[in-house]
Amino acid sequence: MNKSKIGDGDFTIIAGPCAVESYAQMEKIGCFLDSLNVRYLRGGAFKPRTSPDSFQGLGFEGFRILREIKNKYNFEIVSEVMDPRDVEKAYEYIDIIQIGSRNMQNYTLLKEVGKLNKTILLKRGMSATIKEWIMAAEYIRSEGNENIILCERGIRTFENYTRNTLDLMSVPIIKSKTEYPILIDPSHGTGRRELVLPATKAALAIGADGVIIEIHPEPSKALSDGFQSLDFDEFKKLVNEIEKTKV
């Protein structure tokens with residue numbers, strides 16, 4: 001699985017923990033992903049959480065850890081920026097800047113990242129229509145940055161068995177309405193680790209450009225979203241099955 005540009009026709013797998021917790025944790029994950037030749041590492045340094053009492057991330061210390069792992073294993077780093085005031089400082093640490101679901105319509109932030117020469121991963125808002133999502137991308141593009149990747153991470157509906165309702169139909173719609181690559185986030189889209197593999201297979205079948213998946217060395221001990229994170233054995237199985245399906 002050689003590193004390639006997202007949207008070039010290959011199916012890209014981005015993986016890593018919901019939150020950067022320590023250097024030791026990220027070293028384990030980095031070594032593991034490198035052994036599978038997964039070249040895109042995701043990790044949250046700033047974590048927008050529903051409860052203010054939940055783990056909020058390590059902030060710029062998390063970025064520094066990600067950069068060390070990037071330099072050691074030659075990864076592309078994907079991480080979220082939440083505050084327009086942090087964009088310039090975060091620039092040197094991140095290869096793909098993620099705009100999370102809660103910030104999809106933070107127009108000040110969208111305009112700020114639109115000024116950068118850096119790829120932006122724009123997640124769909126949990127209650128956003130497809131048109132609103134596309135218009136959010138246009139805020140980025142209006143500032144000159146056309147390096148945009150869209151990410152479907154599920155929408156909020158009446159169904160509560162899954163964390164969100166994964167709207168796979170957004171893939172062909174986005175491809176017909178825009179020229180942006182589109183990824184699927186089966187971890188947030190389902191919120192259940194046993195559904196991540198079938199959702200990933202569905203993403204591949206429907207023509208998505210890749211997936212972004214949460215993994216952790218010990219999901220039961222994760223400080224954030226352990227219930228939807230795959231352990232190393234589960235993720236290795238997913239990578240192997242996707243490779244067989246692609247053939």
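The legends below describe close-up views of a predicted model. Residues are numbered from 1 along each chain as its sequence is written, and side-chain values use heavy atoms, with hydrogens and water left out. Because the model is predicted, local features need pLDDT of at least 70 and side-chain atom pairs count only at pLDDT 80 or more, while totals for chains, interfaces and linings use all residues.

**View 1. Glu-152 and its surroundings in strand β6.**
Glu-152 belongs to strand β6, which covers residues 148-152; strands are DSSP runs of E with at least two residues, numbered from the N terminus. The residue is buried, with a relative accessible area of 0%, where buried means under 20% relative accessible area, as found with a 1.4 Å probe on protein chains only. Its side chain makes a polar contact with the side chain of Arg-124 at 2.8 Å, a polar contact being a pair of N or O atoms within 3.5 Å in which, within protein, one atom must be able to donate a hydrogen and the other to accept it, and in which residues adjacent in sequence count only if both atoms are side-chain atoms. A polar atom of the Glu-152 side chain also lies 2.7 Å from the backbone nitrogen of Gly-154. Leaving aside residues up to four places away in sequence, Glu-152 touches several others, among them Trp-133, Leu-166, Ser-170 and Ile-184, with contact taken as heavy atoms within 4.5 Å.

**View 2. Cys-18 and Cys-151, two cysteines without a disulfide between them.**
The structure holds zero disulfides, a disulfide being a pair of cysteine sulfur atoms within 2.5 Å. The cysteine sulfur closest to that of Cys-18 is in Cys-151, and the 13 Å between them is too far for a bond. Cys-18 is buried at a relative accessible area of 3%, and Cys-151 is buried at 0%.

**View 3. The aromatic rings of Tyr-73 and Phe-75.**
Rings of Phe, Tyr and Trp (its six-membered ring) pair if their centres lie within 6.5 Å, and planes under 30 degrees apart count as stacked, over 60 as edge-to-face and the rest as tilted. By this rule there are nine aromatic pairs. In one of them, the centres of Tyr-73 and Phe-75 are 5.8 Å apart and the planes stand at 40°, so the pair is tilted. Both Tyr-73 and Phe-75 are buried.

**View 4. Lys-89 over the face of Phe-60.**
Lys-89 lies 4.3 Å from the ring centre of Phe-60, and a charge sits over a ring if NZ of Lys or CZ of Arg is within 6 Å of the ring centre and within 35 degrees of the ring normal. Phe-60 also forms one aromatic cluster with Phe-46, Phe-63 and Tyr-93.

Definitions and conventions: Helices (H or I, at least four residues) and strands (E, at least two) are DSSP runs, numbered from the N terminus. Buried means under 20% relative accessible area, exposed over 50%, partly exposed in between (1.4 Å probe, protein chains only).
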